[in-house]
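Please read the points below with the structure open beside you, and take them one at a time.

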Amino acid sequence: MSTRDVGLTESRSSGGTGFAGAGAGAVIEAIRKTVLVDFTPEEAFDLFTARIASWWPVRTHSYGGENVKDLVLEPRVGGRFYEVTAEGEQDWGTVLAWEPPTRLLLDWQIGEASGTEVEVTFSPEGPGSRVVLEHRGFSAVDPRDRYESGWDLVLAPFVGTASKKS
Amino acid sequence: MSTNGIVLDALGDWTRRQIFDALKNGPHSVGELAARVPVSRPAVSQHLRVLKDAGLVVDRKDGARRIYSVDPNGLAGIRAYFDSFWDEALGRFAAAAREERE
């Protein structure tokens, strides 16, 4: 499956070439991003998960925007990924794999629910770490037909802000 | 960015997402879609128009019926949106790490 190909390319730009084939069943190429940080994998994993609220662009990329008080990623398989506002909690996704400090796999349950998943891997590189994020499963078929465990999209949180920007 | 804003707005509505999800499993007519969601046929048509305007679905004529299906280019638009989103998010992640190191 092409989305599982390994090879550290920087993000391939989308520009309309990101999908192979047409019509229902077309699979769009995964998004792949690499970032190097001056952290050990343990520290990087911790920053990415336990302290996700400290860096996630929550004001522009959440349901609640400025009203979001916290963003929580529960540290276990099956754990919830959710935002907290005065009104309550809003689920974003579920932890499908929890393998500190090397791998995290999430599914989005937000918004459009087309079942994408995000995998983040952490590996030592020089004095720091290489963090690779892959967001995959953009497809015209219901990914629940293709993946054992589905991961839904984080779209709705982006809805309001995306429209505000336009 | 505005294109993606339209895409995301189009999917911001629960009924529209249900319709879009149904289409991801294969092409459907308005009547078939109306049987799957708890809204009237005219309402389904209206939602389809929004999805079509956002570039998420395409339609074709099949005799007297009109058949709707997912437009893969629309999904490419969603992908493009996230491509840019992850640049921003990971940029902030790396900046947070840098700040702690300093």
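The numbered points that follow concern a predicted model, and they go from a sheet to the helices on it, and then to the core and chain B.

1. The sheet. Chain A contributes an open sheet of seven strands, and if you follow the strands across it you meet them in the order β3-β9-β8-β7-β6-β5-β4, with antiparallel pairing. The two edge strands are β3, residues 31-37, and β4, residues 70-73, both of chain A, and each of them pairs on one side only. On average, and with direction ignored, neighbouring strands of this sheet are turned by 20° against each other.

2. One edge of the sheet. The strand β3(A) pairs with β9(A), which covers residues 128-136, in the antiparallel sense and over seven bridges. To find this pairing in the model, you may start from V35(A), whose bridge partner in β9(A) is V131(A).

3. Helices on the sheet. Which strands does helix α1 of chain A lie across? This helix, residues 41-48, lies across β3, β7, β8 and β9 of chain A, and it runs at about 155° to β8(A). Chain B also takes part, since its helix α5, residues 72-101, packs on the sheet and touches β3 and β9 of chain A. The direction of α5(B) makes about 10° with that of β3(A).

4. The two helices together. Two packed helices are described by the angle between their axes and the distance between the axes. For α1(A) and α5(B) the angle is about 125° and the axes are 11 Å apart. Angles that are neither under 35 degrees, nor over 145, nor from 65 to 115 count as oblique, and α1(A) and α5(B) are therefore oblique to each other. Their crossing is right-handed. The residues that meet are A44(A), L47(A) and F48(A) from α1(A), and F93(B), A96(B) and A97(B) from α5(B).

5. The nonpolar core. The largest nonpolar core has 50 residues, and those with the most contacts inside it are A44(A), F48(A), I19(B), L51(B) and V57(B). The largest share of this core, 10 residues, comes from α5(B). If neighbours within four places in sequence are left aside, I19(B) is in contact with L33(B), V37(B), V44(B), H47(B), L48(B) and L51(B).

6. Chain B as a whole. The secondary structure of chain B comes to five helices and three strands, which run α-α-β-α-α-β-β-α from the N terminus on. Of the 102 residues in this chain, 40% are buried.

Technical notes. Residues are numbered from 1 along each chain as its sequence is written. Chains are lettered from A and ligands numbered from 1 in the order in which they are written. This is a predicted model: local features need pLDDT of at least 70, side-chain atom pairs count only at pLDDT 80 or more; totals for chains, interfaces and linings use all residues. Two strands pair if DSSP finds at least two bridges between them. Helices (H or I, at least four residues) and strands (E, at least two) are DSSP runs, numbered from the N terminus. Axes are lines fitted to C-alpha atoms, for helices over the stretch in contact, and angles run from 0 to 180 degrees between N-to-C directions. Two residues are in contact if their C-beta atoms, placed from the backbone, lie within 7 Å. A nonpolar core is a set of buried Ala, Val, Leu, Ile, Met, Phe, Trp, Tyr and Cys residues joined through C-beta atoms within 7 Å. A residue is buried if 20 or more other C-beta atoms lie within 10 Å of its own, exposed if 12 or fewer, and partly exposed in between; C-beta atoms are placed from the backbone. A crossing is left-handed if the near helix is turned anticlockwise from the far one by less than a right angle, and right-handed if clockwise.
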